Amino acid sequence: MSWVSGFLVARADDHKTAWGERNGRKWRRKRGSTLWSTRYMSCLRDPEGADGPSQAVQTHPHGGTGAGGSNFSTRCVWQEDHYVGSRAVDLAFEDAESKRMKEDEEDGEGEEEEKRGLAARAILGCLRRLAHVFQSKQFRSAKLERLYQRYFFRLNQSSLTMLMGVLVLVCGVMLAFHCVHGHPDVAYASVLSVAMALFLVLMVVCNRNGFHQDYMWMVSYLVMAVLVVVQVFGVLMVSPRSASEGVWWSIFFVYIIYTLLPVRMRSAVLSGIVLSTIHLVTAWRLNLEDQFLWKQLCANGLVFLCTNIIGICTHYPAEVSQRQAFKETRGYIQARIHLQRENQQQERLLLSVLPRHVAMEMKAHINAKKEDMMFHKIYIQKHDNKEEKAMMAKMQRARANSTDGLMPRWVPDRSFPRTKDSKVFRQMVNPAQTHSHSALNPEDEVDEFLGRAIDARSIDQLRKDHVKKFLLTFQTPFLEKKYSKKVDDRFGGYVACTLLVFFFICFIQLTVFPHTTLMLGIFISIFVILANILFICAIYSCVKLFPTALQTVSKKIVESRVNSTLVGVFTLLLLFISAFSNMLTCEREGVIECVAEELNISESTVTLCVLHNLTHTAGDTLTLCPSQKTPCPFPEYFTYSVLLTLLACSVFLHISSIGKLALMLLIQLIFLLLLEWPLVDLYDNADLLVTANNIRPVFTSCSPYSHERMSKVSLKVMTPVILTVFVLALYLHAQQVESTARLDFLWKLQATEEKEEMEELQAYNRRLLHNILPKDVAAHFLARERRNDELYYQSCECVAVMFASISNFSEFYTELEANNEGVECLRLLNEIIADFDEIISEDQFKQLEKIKTIGSTYMAASGLNDSTYDREGRSHILALADYAMRLREQMKYINEHSFNNFQMKIGLNIGPVVAGVIGARKPQYDIWGNTVNVASRMDSTGVPDCIQVTTDLYHVLASKGYQLECRGLVKVKGKGEMTTYFLNSGPSSS
């Protein structure tokens, strides 16, 4: 419903009247001095009073910052103060009663003016949206528009070829109808023959691989010109003349221009108007002597107007959907390329920290499931050179400690099914291949990539590989199930268009056929049903305004492809019933039998000349038998009503092509059964009436020698052929729409999957980087290219630093064949570090940052950036103290389960530090300062299984209720004697 409601309903955003807005723009009070902002006042007031100024601002009578529900109730008061404040001064000395009366009058006038203004704006908005439908759609970027046209051409090349074949068939049918009786007109036959030959040539040209997209527009406009010429000659050469002749091919030409020719909306509308006008004007000039001419012309005008509206209702949503799908696909490609560029930056930064083979091995194992691994992955390589062995063991120990211990934090929350063979992994392994277009502008890079993707795509190959040929369903059940879940929110618009076609069919039949009670009852009943269906479907676009039960019904219809298809088929069947049901009220007696009975003569003596004379003696030139109460002299308009019903089938874009074909064949079969069996005399009477009306000589008496021959193809022969041609063209259009929608869906799905792959790769890189560098530091280096001589540092005023070391690990580590030359010792150390990392990854320790591991020493800190530093509550200091106690408990647990006796010493300190990254080739994040040195000394001079803290930290923790005991004076290298404390436990629960 969105595309219809877009211009049928004016949006509230276009005329907002809420307080704080003027003419749709938000009205904000200009702020005064910036000293009132929270940032500058935070250091000048207590934390408890932080909300004071903001509250004062919100309650300011003329402020624009408050948006609460209570302020909404005072909106009208504020507006009245604004608009009538000056008038209140003039009325200050009037009595209260007269003042109230005048104020009420002014309020009423103001409300009326406001309502008139709203109505005018609503009408103007509707007209603008209505005009927007007729405008040709075009992207703002000329380059993007050209890319879309290239893509559009690739999709429609094969359909254009089939269209030429259909046009050859239609011209052949017109030529056959013209030549089957009498002597054909040479000029008309020549025009049709030339048109057929031209369409055959164009069919061959369009099918060639070298056919360029620029030629598509030339071919389209050439076809339109040929159709105009055929229309002119066809209407002029109609024989026998009748205002209703040639309507069927006019409908066909108008419809295919809207739907099957790849032209813009404006061109389609203009050509539809031209073709319709040609037929109306020509029929008017050729049939001036007919007394019933205006009845036929009105009906023809309604038929042509309805055809143009159906064409618009089909062309507009199809083009909007296709452009939207193209734009979304480009957005996914743009996001993918942006992610690819970010991944390259991450890759460069990552490879500047870790060797390539180590980083690649980590990524290869990053998706390993934890339950499938007894230990965390450790990256160690053995070297045969004995002199290098000790050095490499030491390096691998440090590297294993500093990286492998982080593996639990790398394990993703969900499984990513990516292997070394995936294209993203190959791209990750060799990022140099993706740098060829790095110098391009991002938008140009996206457009270039999109252009190459369009050129590389083989539409026919995609159809062959993914879509079944006749049914147009995906070969893969997964894709078909996913496609079936697509929601077409324009379904209400399709029903609205069907209701509009129903109105036109009603007006056409009311204009041409006699009015009966059955006609009135059928039309009213079908209108009530269609209006209710439209109402229920329209609820989907404005759900919150209706009861829950109606919302549920609307959602079940629109959001289910099966339900919406069934409802769409039901509305089309109702439309078909309205198109043919009134045929049953028409007189079915043959005109020859009726005239013979009226004149009391034999049927053999009722010739065409007799009927011609009767048409001149009849009052309306139509009623040849006064005994017939409900004659239907123009039953071809029933056929045209059925044609409009068939065209309405194409409006429902979400119905499958095979479903539309089955429905159209059902409609054709039912109508032809009625036409060829019980109502055949109705069409025979119309043929006789048209032929008799065109006899030139007027006979006063008839004889056996004055018989005239039927000079036209009978309607009962023409109608099945016409319906077959329309069903074929509509099925071709349905195939084009569905295949285009499915290929757009497939391309969008592929672009989405590639984007998701890049996001997964980015997640892998980010996990690695965030476990090597802090998030804010990594973001700093990823935001821009770093120079080798650039220094990154940050001064931190109050940081808590921790050193935790396994003091007796060196005694545990030995290199023997039994423990794989020390690898098993390192594996156990890796498990210990990994456990520490799992603990620091918990949400309660999010203010902490692991700095590094040095051998068997674990270093962490808190309060290194604005997001983790708590100036007032000092929560970052408390978090590090809690973490230290957790490590102590974890070490006891490890000793119990590994049957070891590792002893851990932990030292804590607080104070200012300098954090930064050093190194050009291999940057490493670290912190420096006296605070760090003292924290290290707290560790080295500590006692096993104890947490030693400085006096400064003691004061902070003691004030928060932590349990500490004084150790006394400790001699510290470079500091002399210092009073230290042991942290025993946290605050008591009481």
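The expected span of a helix is 1.5 Å times one less than its number of residues. Keep that rule at hand for a later stop. The model on screen is predicted.

**Whole chain.** Start with everything selected. The protein has 990 residues, and 49% of them count as buried. Switch to cartoon view. The secondary structure amounts to 35 helices and ten strands. Now turn on contacts between residues at least 6 apart in sequence: 78% of these join residues at least 24 apart.

**Helix 29.** Select residues 715–770. This is helix 29, with 56 residues. Set a distance from its first C-alpha to its last. The helix reaches 80 Å, close to the 82 Å expected at 1.5 Å a residue. Next, colour by burial, where buried means under 20% relative accessible area. In helix 29, 41 of the 56 residues are buried, so this helix is largely enclosed by the rest of the structure.

**Helices 8 and 9.** Move to residues 186–206 for helix 8, then add residues 213–236 for helix 9. Their axes lie 10 Å apart, and the packing angle is about 165 degrees. Angles over 145 degrees count as roughly antiparallel. The two helices are therefore roughly antiparallel to each other. Their crossing is left-handed.

**The contact between them.** Show side chains. On the helix 8 side, pick A187, Y188, V191, L192, A195, L198, F199, L202 and C206. They meet V219, L222, V223, V226, L227, V229, V230, F233 and G234 in helix 9. Colour this contact by class: 17 residues are nonpolar, one is polar and none is charged.

Notes:
Residues are numbered from 1 along each chain as its sequence is written. This is a predicted model: local features need pLDDT of at least 70, side-chain atom pairs count only at pLDDT 80 or more; totals for chains, interfaces and linings use all residues. Side-chain values use heavy atoms; hydrogens and water are left out. Axes are lines fitted to C-alpha atoms, for helices over the stretch in contact, and angles run from 0 to 180 degrees between N-to-C directions. Helices (H or I, at least four residues) and strands (E, at least two) are DSSP runs, numbered from the N terminus. Angles under 35 degrees count as roughly parallel, over 145 as roughly antiparallel, 65 to 115 as roughly perpendicular and the rest as oblique. A crossing is left-handed if the near helix is turned anticlockwise from the far one by less than a right angle, and right-handed if clockwise. Contact means heavy atoms within 4.5 Å. Ala, Val, Leu, Ile, Met, Phe, Trp, Tyr, Cys and Pro count as nonpolar, Asp, Glu, Lys and Arg as charged, and the others, Gly among them, as polar. Buried means under 20% relative accessible area, exposed over 50%, partly exposed in between (1.4 Å probe, protein chains only).
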